[in-house]
Amino acid sequence: MAETRTEALHQNAEGLDVQAPEAILAFLANAQIEASKAVHGAIPAIAAAAELIAKQLRSGGKLAYAAAGSSGLMALADALELPGTFGIARDRIAILIAGGDDAFRTLAGGPEDDVEEASAAVAAADIGKGDCLIAISASGSTPYAVQALQDARRRGAATIAIANNRGAALFSQADVAILLETPPELIAGSTRMGAGTAQKIALNMLSTLAAVHLGHVHDGYMVNLTADNIKLRDRAVRMVAAISGKSRDDAIRLLEESDGVVKTAILLAAGAANADAAEKILEGTGQKLRPALSALGHDPEKWNPLFGRDHALTKK
C-alpha cells in the first residue's frame, strides 16, 4: 500500500492505458480541477504566510524559494515574475533549486537528495535573520527542501513550508505550514500534475496577497509594476489615466515627470507638488496609494471604475 497520497493510485487509473484518448484527457482535466480545490482548505495558512512574507520584505529582508523537481519549477515561475509584476527588487529574491542552473536543462532526480547542496545554496544566498524562505515539496520529505528549510531556520530566517501530504516532515520546523491535500495523481506519483497545479495556485495567491500588504496593489491594478516593455508601459499609462481620471496624454506626461513610477504619477495628478513630495507621502503611508490619496485631501472610496462613478480626483 502507498504510504502517502501523492504516491497512491487514483480511483480512475485502472485500465487507463486502454481508454480512448478523449476519455484519458477528460480524466486528466478533471483530476486537475479536483487538485485545485485543495487550495481552499489552505486559505487561512496562506493568509498567515503572506503576512509573514510582507513583514520580512517591508523590513528590508529577502524572500527565498527552495525546492526540487516540479516544485522547483513552480517556485521559479512565481519568483521570476515578482519584480516585473510588483516591482520587488530582483536582489531581494533568491531561487534555490536542486541541481542549480543545470536543473533548467535536465531536471535530474539525484540533486533532490543532496542536502549538502541545499546547505551551500542557503549560505550562498546569505539567507538569515530578517529573511523568509518558502520550502516546497509535494511529498513533504524531499531532502533538499527539508535541509534548506532547516538551515534557513537555524540562521534566523522565517520559514514557510508547502507540501501535499498531511504530516509532512517539512511542516515540523516551519513557522507556517501550508497543506495542499490534493487527491492521488492519475499517474501515481507524477506530482507535476495535480500537486504541481495546487502549488502554482497557492504560490500565486501567497505572493499576490503579500504584494497587497506591501501596497503594490490598488483596486485591481498592479501599481508597483516595473514597466520595462511596450505592453507594460502602455499598462502603466492606462492605470494612471484610470485611477486619476486624467486623459491618456496627461497620464503619459505625469509618468514622464515621475520617471515612470505609477503611484508617484497618480499622486502628482492628485495635487502633490512634485515627484519628491509624492514619494515622501508614500513613505509616510507605507507605500500604500489609498491613504496617500487621502493625505492629499481626496476620498478614493467615492470612486470605483467598475461602477462608472465620477472619479474623486476630478472633484474639488
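Are aspartate 131 and lysine 62 buried or exposed? Both residues are buried, and the first view below shows the contact between them. All panels are drawn from a predicted model.

**View 1. The salt bridge between aspartate 131 and lysine 62.** The closest N and O atoms of this pair are 3.2 Å apart. Aspartate 131 belongs to the loop between α4 (115–124) and β3 (132–137), and lysine 62 to the loop between α2 (43–58) and β1 (63–67), so the salt bridge ties together parts that are 69 residues apart in sequence. Neither partner is left exposed, as both aspartate 131 and lysine 62 are buried. In the model as a whole, the count of salt bridges comes to eleven.

**View 2. The open sheet of five strands and its edges.** The strands follow the order β2-β1-β3-β4-β5 and pair in parallel. At the edges stand β2 (93–97) and β5 (176–179), each of which pairs on one side only. On average, neighbouring strands of the sheet are turned by 15° against each other, with direction ignored. Strand β4 (residues 158–163) runs parallel to β5 and is joined to β5 by four bridges. Alanine 161 stands opposite alanine 177 of β5. Helix α3 (residues 69–86) lies across β1, β2 and β3, and runs at about 165° to β2.

**View 3. A salt bridge within helix α7, between arginine 238 and aspartate 234.** The closest N and O atoms of the two side chains are 2.9 Å apart. Arginine 238 and aspartate 234 are four residues apart in α7, about one turn of the helix. An α-helix has 3.6 residues a turn, so residues three or four places apart point the same way. Because its relative accessibility is 44%, arginine 238 counts as partly exposed; aspartate 234, at 27%, also counts as partly exposed. A network of salt bridges links Asp234, Arg238 and Arg248.

**View 4. A salt bridge within helix α8, between arginine 253 and aspartate 250.** Here the closest N and O atoms are 3.7 Å apart, which falls within the 4 Å cut-off for a salt bridge. Arginine 253 and aspartate 250 are separated by about one helical turn, because they are three residues apart in α8. Arginine 253 has a relative accessibility of 38% and therefore counts as partly exposed. Aspartate 250 is partly exposed as well, with a relative accessible area of 27%.

**View 5. The enclosed helix α9 (residues 262–269).** Eight of the eight residues of α9 are buried, so the helix is largely enclosed by the rest of the structure. Among these buried residues are Val262, Lys263, Ile266 and Leu267. The buried residues of α9 pack against α7 (230–244), α8 (248–257), α10 (275–284) and α11 (289–295). Glycine 271 follows α9 and has a positive phi, near 120°.

**View 6. Helix α6 (residues 194–213) and the glycine after it.** At 1.5 Å a residue, the 20 residues of α6 should span 28 Å; the end C-alpha atoms are 29 Å apart, which agrees. The buried residues of α6 include Gly194, Ala198, Ala202, Leu203, Leu206 and Ala210. Glycine 215 follows α6, and the phi of this glycine is positive, near 85°.

Definitions and conventions:
Residues are numbered from 1 along each chain as its sequence is written. This is a predicted model: local features need pLDDT of at least 70, side-chain atom pairs count only at pLDDT 80 or more; totals for chains, interfaces and linings use all residues. Side-chain values use heavy atoms; hydrogens and water are left out. Helices (H or I, at least four residues) and strands (E, at least two) are DSSP runs, numbered from the N terminus. The expected span of a helix is 1.5 Å times one less than its number of residues. Buried means under 20% relative accessible area, exposed over 50%, partly exposed in between (1.4 Å probe, protein chains only). Contact means heavy atoms within 4.5 Å. Two strands pair if DSSP finds at least two bridges between them. Axes are lines fitted to C-alpha atoms, for helices over the stretch in contact, and angles run from 0 to 180 degrees between N-to-C directions.
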